[in-house]
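Let's take a walk through this protein together. Have the model open and turn it as you read.

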Amino acid sequence: MHEGACPLCGRPLPPGGSIDRHHLVPRSHGGTSQVLLHKICHQAIHALLSEAELARAFNTIAALRTHPGIARFVAWVEKRPPTYQDRSKWARSRRGK
């Protein structure tokens, strides 16, 4: 069982497959530090930000939360239960925007 809360959305981290490890600085940019996030939160980050943007300006949870798209996502997802997984391919539909 995973204890604690997702640092991005603040919802509890449930046991099971809906948890991902996110490198705060992408591995391709030399990052090693990781945090546990809900899979849907992790997908939203990578749908909205490039690896270069993550490495340069959004390499902390606090910085991620300042991004307007991430802030909108967090406001939306924090109303969902911790086990919620979006089946509508939210991340894929926004990739590259």
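What follows goes from the overall layout to the core, and then to one helix and its aromatic rings.

Keep in mind that this is a predicted model. The protein has 5 helices and 2 strands, and if you read along the sequence you'll meet them in the order β-β-α-α-α-α-α. Of the 97 residues, 41% are buried. The accessible surface comes to about 5700 Å², and 51% of that belongs to carbon and sulfur atoms. As for how the chain comes together, take the contacts between residues at least 6 apart in sequence: 53% of them join residues at least 24 apart.

Now for the inside. In soluble globular proteins, nonpolar side chains tend to be buried together. Here, the largest nonpolar core has 23 residues, and Leu 8, Leu 37, Cys 41 and Leu 64 are the ones with the most contacts inside it. Four elements give two or more residues to this core: strand S2 (34–38), helix H1 (39–48), helix H3 (61–66) and helix H4 (68–77). H1 gives the most, with 5 residues.

Leu 8 is a handy place to park your view. Setting aside its neighbours within four places in sequence, Leu 8 is in contact with Leu 37, Cys 41, Ile 45, Ile 61, Leu 64, Arg 65, Ile 70 and Val 74. Match those against the elements: Leu 37 falls in S2 (34–38), Cys 41 and Ile 45 in H1 (39–48), Ile 61, Leu 64 and Arg 65 in H3 (61–66), and Ile 70 and Val 74 in H4 (68–77).

Next, step to the loop between H3 and H4, where you'll find His 67. Is His 67 buried or exposed? It counts as buried, because its relative accessibility is 17%, and the cut-off for buried is under 20%. A polar atom of the His 67 side chain lies 3.0 Å from the backbone nitrogen of Gly 69. Leaving out neighbours within four places in sequence, His 67 also touches Leu 48, Leu 49 and Phe 58, in the sense of being in contact with them.

That brings us to H4 itself. Its buried residues are Gly 69, Ile 70, Phe 73, Val 74 and Val 77. Why do they count as being on the same side of H4? Because they cover an arc of only 135° around the axis. The general rule is worth recalling: an α-helix has 3.6 residues a turn, so residues three or four places apart point the same way. On the other side of H4, Pro 68 and Arg 72 are exposed.

Finally, the rings. A search of the whole structure finds 2 aromatic pairs. In one of them, the rings of Phe 73 and Trp 76 have their centres 6.0 Å apart and their planes at 45°, so this pair is tilted. Both residues lie in H4, 3 residues apart, about one turn of the helix. Phe 73 counts as buried, at 2% relative accessibility, whereas Trp 76 is partly exposed, at 26%. Trp 76 also pairs with Tyr 84: those ring centres are 5.8 Å apart and the planes are at 75°, so this pair is edge-to-face. Tyr 84 is partly exposed, with a relative accessible area of 26%. Put the pairs together and you have one aromatic cluster, formed by Phe 73, Trp 76 and Tyr 84.

Conventions
Residues numbered from 1 in each chain as written. Predicted model: local features only at pLDDT ≥ 70, side-chain atom pairs only at ≥ 80, totals over all residues. Heavy atoms only, no water. Core = buried A, V, L, I, M, F, W, Y, C linked by side-chain atoms within 4.5 Å. Buried < 20%, exposed > 50% of the residue type's maximum accessible area, 1.4 Å probe, protein only. Contact = heavy atoms within 4.5 Å. Areas by Shrake-Rupley, 256 points an atom, 1.4 Å probe, with all protein chains shown as cover. Polar contact = N/O pair within 3.5 Å; in protein donor to acceptor, adjacent residues only side chain to side chain. Arc of directions from axis to C-beta. Phe/Tyr/Trp six-rings, centres within 6.5 Å; stacked < 30°, edge-to-face > 60°.
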